[in-house]
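Dear colleague,

Please find below the structure that I am handing over to you. My findings follow it, beginning with the overall fold and ending with the surface.

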Amino acid sequence: MSAKDAGTPPQAEQNVAPQQKPGQEPAKENAAQPVQDQERQLVRTATVDLRSDDVLKAIGEVKNRATAVGGFAGQENSTKKSGSVTVRVPSAELDRVVRDLASVGEVTRSEVRSEDVTDQLVDTESRMATAKASVERLRVLFERAGSTAEIAQVEAELTKRQADLESLQRRAESLKGKAAMATLTVQVATVPIAPPEPEKAGFLSALSGGWNALLAVLNGILIAVGALLPFAVVLALPAAAVVYLLRRRRRVTRMNEAG
């Protein structure tokens, strides 16, 4: 490795195209598949509230339904009167599992949500391809390094790039895992579960919000005054002494002038 190569900063290394072997096709700048050609990757979640006279049996049925379609049970918390369980099921089976819960108990609320993470996954895979190419180039530089200083410099940068690549790989695997397996949370109770209260709107709601904001502002002012009060007391004593001495000096001066 020449001195010129050794002085090349790692940032410049990213802009160096890898050497092309004879007969090898030119490397593509972005190996990731275009977004429009990708199958949409959806992270699906669902929440279902059930009423059942036998909470423990109902939760057991939910877990059995998840296992039957290739899923598995996760967190569970239950008593004789109420309980909840979270299961993971294949995304393609989520709708069927949710429908089948009607045979487990009385469905009082059902909500299914989807988040499209296709763009995130494509972006992550594109950055992975760039990171892999960068790691390979640094490995070539590492093999060519001659001095201890060169080896240490390239090795430190190679370690950093590999850590970045592994982080991107974990993110991609996490997104794929979430898209492949949907999350279903089922709450079961012997009495119907009250639905979430909708946000109140109108004059009273606005008045309540304004009052709470006013109280927050007043509380902040009081906190600021309390924080500054000790400094004011400490600074006031010397200031009062200076004012007293100046006034006394003026009185003495006036008395001398009058005499």
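Please bear in mind throughout that this is a predicted model. In the chain, residues 24 or more positions apart account for 82% of the contacts with a separation of 6 or more.

Overall architecture

The chain contains seven helices and five strands. Their order along the sequence is α-α-β-α-β-β-α-β-α-α-β-α. The chain has 259 residues, of which 24% count as buried. Its exposed area is about 18,200 Å², and carbon and sulfur atoms supply 56% of that area.

The nonpolar cores

In soluble globular proteins, nonpolar side chains tend to be buried together. In this model, the largest nonpolar core comprises 21 residues, and Leu101, Leu184 and Val186 have the most contacts inside it. Two or more residues of this core come from each of strand E1 (42-51), helix H3 (55-68), strand E3 (82-90), helix H4 (94-100) and strand E5 (181-189). Helix H3 gives the most, with five residues.

Leu101 may serve as a point of entry when you inspect this region. Setting aside residues up to four places away in sequence, Leu101 touches Val48, Leu50, Val62, Val107, Leu184 and Val186. Two of these partners, Leu184 and Val186, are themselves among the residues with the most contacts inside the core.

There is also a second, separate core of 13 residues, which includes Met128, Val135, Leu158 and Ala172.

Helix H5

Helix H5 covers residues 118-144. At 1.5 Å a residue, its 27 residues should span 39 Å, and its end C-alpha atoms are 40 Å apart, which agrees with that expectation. The buried residues of H5 are Thr118, Leu121, Val122, Thr124, Ser126, Met128, Ala131, Ser134, Val135, Arg137 and Leu138. Of these, Met128 and Val135 are included in the second core.

Two salt bridges lie within this helix. An α-helix has 3.6 residues a turn, so residues three or four places apart point the same way. Arg127 pairs with Asp123, with their closest N and O atoms 3.8 Å apart; these two residues of H5 are four residues apart, about one turn of the helix. Arg127 is partly exposed at a relative accessible area of 45%, and Asp123 is partly exposed at 42%. The second pair is Glu136 and Arg139, whose side chains meet at 3.0 Å, N to O. Here the two residues are three apart in H5, again about one turn of the helix. Both are partly exposed, Glu136 with a relative accessible area of 43% and Arg139 with 37%.

Other salt bridges

Side chains of opposite charge can pair when their charged atoms come close. The structure holds 15 salt bridges. One of them joins the side chains of Asp116 and Arg40 at 2.9 Å, N to O. Asp116 belongs to strand E4 (residues 106-116), whereas Arg40 is in the loop between helix H2 (10-13) and E1, so this pair ties together parts that are 76 residues apart in sequence. Asp116 is partly exposed, with 38% relative accessibility, and Arg40 is likewise partly exposed, with 41%.

In addition, Asp49, Arg109, Glu111 and Arg113 are linked in a network of salt bridges.

The loop between H2 and E1

Is Gln41, in the loop between H2 and E1, buried or exposed? Its relative accessible area is 18%, so Gln41 is buried, the cut-off for that class being under 20%. Apart from its neighbours within four places in sequence, Gln41 is in contact with Glu115, Asp116, Val117, Thr118, Leu121 and Ala179. Asp116 is thus a contact of Gln41 and also the salt-bridge partner of Arg40. Thr118 and Leu121, for their part, are among the buried residues of H5.

A nonpolar patch on the surface

Finally, Trp211, Leu214, Leu215, Val217, Leu218, Ile221 and Val225 form a nonpolar patch on the surface. Together they have about 650 Å² of accessible area. One of them, Leu214, lies in helix H7 (residues 203-258) and is partly exposed, with a relative accessible area of 40%.

With kind regards

How values were computed: Residues are numbered from 1 along each chain as its sequence is written. This is a predicted model: local features need pLDDT of at least 70, side-chain atom pairs count only at pLDDT 80 or more; totals for chains, interfaces and linings use all residues. Side-chain values use heavy atoms; hydrogens and water are left out. Buried means under 20% relative accessible area, exposed over 50%, partly exposed in between (1.4 Å probe, protein chains only). Contact means heavy atoms within 4.5 Å. Accessible areas come from the Shrake-Rupley method with a 1.4 Å probe; for residues, only the protein chains shown count as cover. A nonpolar core is a set of buried Ala, Val, Leu, Ile, Met, Phe, Trp, Tyr and Cys residues joined through side-chain atoms within 4.5 Å. A salt bridge is a side-chain nitrogen of Lys or Arg within 4 Å of a carboxyl oxygen of Asp or Glu. The expected span of a helix is 1.5 Å times one less than its number of residues. Patches are made of residues with over 30% relative accessible area and no salt bridge: like charges are joined within 9 Å, nonpolar side chains (Val, Leu, Ile, Met, Phe, Trp, Tyr) within 5 Å.
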